[in-house]
Amino acid sequence: MRRPFPLFLLALILTGITAHAQQHPAQKGLNLTLSHVRIDSLVSGIEATLPVHFYYDPAQFDSLDIVLSVKNVPLDQLLDQLFRNTPYHYAMDEDGNVFLTKGWMIQTGLAPAVSNQPDSTSRTTVRFGEEKNLRSKGSSESKLYDIGPRTNTLAPGKSVISGYVRNTRTGEPISGVVISPEPPGVATVTDRYGYFSLSLSRGHHMLNVQGLGLRDSHFQVMLYSDGKMDMDLREQVTTLREVIVSSQKTLNVNRVQLGVEQLNIQQIKQVPTVMGEADVLRVVLTLPGVKSVGEASTGLNVRGSSADQNLILFNDATIYNPSHFFGFFSAFNPEVVKGVELFKSSIPAQYGGRVASVLDITAREGNKKDFTGTAGIGLLTSRVTIEGPLDKGKTSFIVGGRFTYADWLLNLLPEQYKHSRGSFNDVNLLISHNINEKNNLYFSGYLSNDRFNLNSDTFYKYGNRDVNIKWKHVFSSKVTGSYLVGYDRYQYNINSDGNPVNGFKLDFDISQFNVKADHTWYLNSHNTIDFGLSSIRYILHPGDYEPYNSHSLVTPNKMQAEYGQESAGYISDRITVTPALSVVAGIRYSLFNYLGPHTEYNYPAGQPKTVLDQLGSTEYAKGKFIKTYQGPEYRLSARYAITNSFSIKAGYNSLRQYSHMLSNTTSMAPTDIWKLSDPHIRPQLGDQLSLGFYKNLHANSIETSVEVYYKKLHDYLDYRSGATLILNPHIETDVLNSKGKAYGVELSIRKTAGKLNGWVSYTWSRTFLKTDDPTAGEVVNHGNWYPADFDIPNDVSAALNYKFNHRFSVSGNMLYYTGRPITLPIAEYLYANSARVLYSDRNAYRIPDYFRADFSLNIDGNYKVHQLTHNSWTIGVYNLTGRKNPYNVYFVSEHGAVNGYKLSIFGSAIPFVNFNIHF
């Protein structure tokens, strides 16, 4: 029976080196005792200690069980002893590369007749303007790659290496890969298209290339002049034992921005969610500083924000409602998602339009080499995804779809909801085309539809429509640009035909046409400049209320359409002042025009706005500028590295928001409406200061952080008591301009390696509003600060995964947070001979606290290479303890008394099972 590999045994490797610095790595003595471990653990420990790198096929060594004890033994003798009387072999070259094989041997040196030739060194030349795949079949990392025309002498100064990093199995570009020279110096990170540019002094360099879920790679380059170099990286087979992690994996410490959370799809799929399907938004809710006001609510409350203050992007398309099926599922198909990036502060200057955060979700491009697919079957949903090359190596596609069959679940509800119906579907289509080495085209399309009714004759339908085309162009090794044209639309429809006399239909939609241009200029090794322009044209129909058919007697009510134009320009510079100090400074200038045709109502200046006090109206023609808002938005962040594993960061950003969601519910609902800023409703303004401390432990396998923040909000929209939000032509008379403040502390610990991995976080935060504008005509809570609907002081979350072996793992997550504020009836009184209810100050009480724990067992099929399909199962329980968490608390007058009730969405443990097929 295998026993866990103690960490201190690997530490023996560190203390057992006895050779001199000039010795070949194979001659350095090692003291080592190993008992029942895998080859991955041995290799990772040796690579972290000696200047060697192993190459092998993990599948060939899967059955090797290592039991070994040596003292002061060189590496070559250790391998001799390890592989004696086995089918395994090793070979080592002069550069410290070790090749492990099974059943056959390889020769690392050249034959004498060849080695005596003058140009026998294995080299690959890449000249400027030529783009070649340097990791193609037959090449190896032991080669020396010439960048630029080869010369006998090196000119002083620096040159630029640029190119793409791709997945060697699928051909897809890989973002977020760190490329750094050795010894550590100025590093670079690939952008979302896998492109990088690195300025180095001319001469010989060793480049270390690392990415999440990828095998570390090393490239020797001789830099003569500017040139291009593509790299193909292999995926890393996750080790089952705790190992020493490379000290260079410190992106969280070295990254200048703070308040940034990154997740890849592998991490997302490990977190159990309701009904077992991987859910992007549910996993985001486990991150520090991110909350929701209740179960089955898809609105994100980030650092004291309301749901509409977060910009949600899916492949650069704006998603106004990111939910399906009453909020139980997110709008994003996990099989097409590549990764998620959440900016809570230090928001890059290229983003704007919201005052709280940016959730940027990127999709995969599809396999450029082979046709593959996945399918999944669950209790409520099924999904299928197919991808592959249209033109091998140049053009790829990925198409994915989901649909649900959930009526059987709704039939299990209590009698008053037993005849409810609900369904959804969505489709993604993505096409990537490589025109040539400098030009790429990307097409992204997304379509979603939801339909439901709650035991009535009223049906609700809503959906997203998003499409865009992007062109990526490489002007030179230092300058790249991307240009996008897109169209986004969100709409909902409510109709009722149960009674022909009062049958109706209500429609709402908001559309936007987008154009933007983003550029990156790698000026030099110390400055990277981002700059660009963007423009959005809004067309909003607040509501059309019409008779359902000719028999209906309802009076039509068609609200005026709204038009707006939001434009912005930005520039920012990523500055490396010293190896320890880096700064990102930027400015974004945004401009919003509220446009005609529209009729605006006039009110007395400095007085509360009421319908009775209207002073007539003013009509504006089509395209006429009715109101203009503009101003700068500042972005600044800095990082100072105390050590290689500890840094301090600080940041400030200001933002403007010109669109507002009007809702009389605490959570985001399909029937919420949006409103553009106009002469009466000013844009929201937000300012945030942040400070963070980041420390890596245990050879960078454990990441810890503490972040504190303070935010101020201006012109946040709150509502008068009894406000009418839908089909209200005088909406400005029912909204109140408020100001807000939010502050808090976020603590996070994340384990990135080993059998046990995941994260645990705790957040303490407060959010308050104040409505004391004398021109509003109404003050809330006597003009004092009061808790916002999403003020949740304490929040604890954990998402953990434990791998028993390559096929079996368990996952769990736990959430606890303080109940949200609520306004309660506190007394009953008589007025005009009628009983009335007296309510407390707004949000003076709280609903009960929330707690939930989930668990899942993940079972993968075998790892045979040559088989038609690879299958897996996910089995688990949502709300393991069966706790009846309150979604809402409401009161009903019954038999002369006011009775309170607690509504729970998931009031019991819910088992789930999912079957997944990869082909």
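## Starting from a strand

Strands here are DSSP runs of E, at least two residues long, numbered from the N terminus. With that in hand, asparagine 495 is a good place to drop in: this residue sits in strand β31, which covers residues 479-496. Keep in mind that we're looking at a predicted model.

Is asparagine 495 buried or exposed? Its relative accessibility is 10%, and buried means under 20%, so asparagine 495 counts as buried. Its side chain makes a polar contact of 3.0 Å with the side chain of asparagine 493. If you skip the neighbours within four places in sequence, asparagine 495 still touches Asp457, Thr458, Phe459, Lys461, Phe504, Lys505 and Tyr548.

## The whole chain

Zooming out, the protein has 919 residues, and 54% of them count as buried. Its secondary structure adds up to eight helices and 58 strands.

Sequence separation is worth a look too. Take the contacts between residues at least 6 apart in sequence: 66% of those join residues at least 24 apart. As for the surface, the protein exposes about 39,100 Å², with carbon and sulfur atoms supplying 57% of that area.

## β12 and its two partners

Strand β12 runs over residues 203-210 and is mostly covered, with six of its eight residues buried. Which strands does β12 pair with? One is β9 (residues 178-182), in the antiparallel sense over five bridges; another is β13 (residues 217-223), also antiparallel, over seven bridges.

You can pick out individual bridge partners if you want to check the register. Between β9 and β12, isoleucine 179 is matched with valine 209. On the β13 side, histidine 204 stands opposite methionine 222. β12 and β13 form a hairpin with six residues between the strands, and in that hairpin glycine 213 takes a positive phi near 80°.

## Backbone oddities

A few backbone angles deserve a click. Where is the cis peptide bond at proline 597? The bond in question goes from glycine 596 to proline 597, with omega near 10°, and proline 597 lies in the loop between β36 (581-595) and β37 (598-601).

Then there are two residues that show positive phi without being glycines. Aspartate 715 has a phi of about 60° and belongs to strand β44, residues 702-719. Its relative accessible area is 15%, so aspartate 715 is buried. Asparagine 879 also has a positive phi of about 60°, but its setting is the loop between β55 (870-878) and β56 (888-894). With a relative accessible area of 0%, asparagine 879 is buried as well.

## A nonpolar patch on the surface

Which residues form the nonpolar patch on the surface? They are Ile749, Leu756, Val760, Leu800, Tyr802, Phe804 and Phe808, and together they have about 560 Å² of accessible area. The elements giving two or more residues to this patch are β46 (756-770) and β48 (794-803).

Leucine 800 is the patch member to zoom in on, and its place is in strand β48. At 37% relative accessibility, leucine 800 counts as partly exposed, because that label covers values between the 20% limit for buried and the 50% limit for exposed. As a rule, side chains in a regular strand alternate between the two faces of the sheet.

Technical notes:
Residues are numbered from 1 along each chain as its sequence is written. This is a predicted model: local features need pLDDT of at least 70, side-chain atom pairs count only at pLDDT 80 or more; totals for chains, interfaces and linings use all residues. Side-chain values use heavy atoms; hydrogens and water are left out. Helices (H or I, at least four residues) and strands (E, at least two) are DSSP runs, numbered from the N terminus. Buried means under 20% relative accessible area, exposed over 50%, partly exposed in between (1.4 Å probe, protein chains only). A polar contact is a pair of N or O atoms within 3.5 Å; within protein, one must be able to donate a hydrogen and the other to accept it, and residues adjacent in sequence count only if both atoms are side-chain atoms. Contact means heavy atoms within 4.5 Å. Two strands pair if DSSP finds at least two bridges between them. Accessible areas come from the Shrake-Rupley method with a 1.4 Å probe; for residues, only the protein chains shown count as cover. Patches are made of residues with over 30% relative accessible area and no salt bridge: like charges are joined within 9 Å, nonpolar side chains (Val, Leu, Ile, Met, Phe, Trp, Tyr) within 5 Å. A salt bridge is a side-chain nitrogen of Lys or Arg within 4 Å of a carboxyl oxygen of Asp or Glu.
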